[in-house]
Each structure stands twice: as C-alpha cells, then as structure tokens.
Amino acid sequence: MTDLHQTRHKNKTLAAFLAFLLGALGLQRLYLRGWRDAWLWAHLASLPAALLVALAAPQADNFYKLLPIIVSGLAGFLEALVIGVTADEKWDARYNPQSGRQSDTHWPVAVVLVASMMIGSGGLIATISRLFDLLYTGGAYG
C-alpha cells in the first residue's frame, strides 16, 4: 500500500536524458521543478526571442536568428552534465527528500554524459567559430 503523502521519485538518468535531448526547451526543468521554475521560462523564451530577432533583422544571417535557441540548447547540454555528475545522495536530498526511495544510478547516465560532452562541446566550438567568423570577417569563411 502506498502512502498518499509521498512525492514522486525524480529519476536522475531521465532528467539528464531530457536535458540532453530537449534541453533547449527546458523539459528537464519542467520534470524537476514544474511550471513555476524561472529557468524553464528562460529556456522557453528562446523561441519568441529567435522570432523577434528574425522579424527585427530579416536580412541578418540565419545564425543570428537561431542564436537564442542555440544558447538555450548549449545550456541544456551543460545541465545534462551537471545533473549526471551529481552524487546520488545529493540528488536525493535535493529532488527526492520524501519519495521513500533512493537513487542508484548505473551506466546509462554515463552514456548520456559522454554524448552531452561530445555534442555539447562540439556545438559550443562551432558556435564560437561561426560567431567570430561573422563578427570579424563578415562571414567570409562560410
């Protein structure tokens, strides 16, 4: 028989996977903290921000139009790393204090960490490279 006062157990691997896969939209924030989380709304604000940039400067390079979404996605990869490396005890103290269960993270979170590091760092390098190309050469290299 379950206790009605217990809260749902938040799975660390699922949270890291959500941050990796849909971090640009902030779905990991929705899963962990709900609709009242300010950082969820910051992630979601990247969509209208990109639209505003596109409407304000239609002649601008597409990179600038997508930059708010790119930054939100890179923040999602960083969040996946932070979530994944958090110790299970600290995770449970923060997100599962009354769930009645303890986290026991295994190898799937390591896969998410490796993928987040590879794609996130590659995306960050590509973003910095493209930004510097556009700012300093006007896009001469692409």
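Helices α5 (residues 62-85) and α7 (107-137) have axes that come within 9 Å and cross at roughly 150 degrees. The two helices are therefore roughly antiparallel to each other, a label given to angles over 145 degrees, where under 35 is roughly parallel, 65 to 115 roughly perpendicular and the rest oblique. This is a predicted model, in which local features need pLDDT of at least 70 and side-chain atom pairs count only at pLDDT 80 or more, while totals for chains, interfaces and linings use all residues. Residues are numbered from 1 along each chain as its sequence is written, and side-chain values use heavy atoms, without hydrogens and water.

Axes here are lines fitted to C-alpha atoms, for helices over the stretch in contact, and angles between N-to-C directions run from 0 to 180 degrees. Helices are DSSP runs (H or I, at least four residues), numbered from the N terminus. The crossing of α5 and α7 is left-handed, a term for a near helix turned anticlockwise from the far one by less than a right angle, with clockwise being right-handed. The residues of this contact divide into 17 nonpolar, five polar and one charged. In this count Ala, Val, Leu, Ile, Met, Phe, Trp, Tyr, Cys and Pro are nonpolar, Asp, Glu, Lys and Arg are charged, and the others, Gly among them, are polar.

Helix α5 also packs against α1 (residues 12-22), at an angle of about 165 degrees and with the axes 7 Å apart. That angle makes α1 roughly antiparallel to α5, and the crossing is left-handed. On the α1 side the contact (heavy atoms within 4.5 Å) is made by K12, A15, A16, A19 and F20, and on the α5 side by G76, F77, E79, A80, I83 and G84. By class, these are seven nonpolar, two polar and two charged residues.

A further partner of α5 is α4 (residues 46-56), again at about 165 degrees with axes 7 Å apart. These helices are therefore roughly antiparallel too, but α4 passes α5 in a right-handed crossing. S46, L47, A49, A50, V53 and A54 of α4 meet Y64, K65, P68, I69 and S72 of α5. The contact has eight nonpolar residues, two polar and one charged.

The largest nonpolar core (buried Ala, Val, Leu, Ile, Met, Phe, Trp, Tyr and Cys residues joined through side-chain atoms within 4.5 Å) has 16 residues. Those with the most contacts inside this core are A15, A16, F20, Y31, L32, I83 and W91. Two or more residues come from each of α1, α2 (27-33), α5, α6 (88-95) and α7, and α1 gives the most, with five. Leaving out residues up to four places away in sequence, F20 touches G76, F77, A80, V112, A115, S116 and I119.

L18 is also in α1. At 18% relative accessibility L18 counts as buried (under 20% relative accessible area with a 1.4 Å probe and protein chains only; exposed is over 50%, partly exposed in between). Beyond its neighbours within four places in sequence, L18 is in contact with G23, L27, Q28 and Y31.

H43 lies in helix α3 (residues 38-44) and, at 5% relative accessibility, is buried. Apart from residues up to four places away in sequence, H43 touches G23, A24, L25, G26, Q28, R29, S72, A75, G76 and E79. The C-alpha atoms of H43 and H106 are separated by 28 Å.
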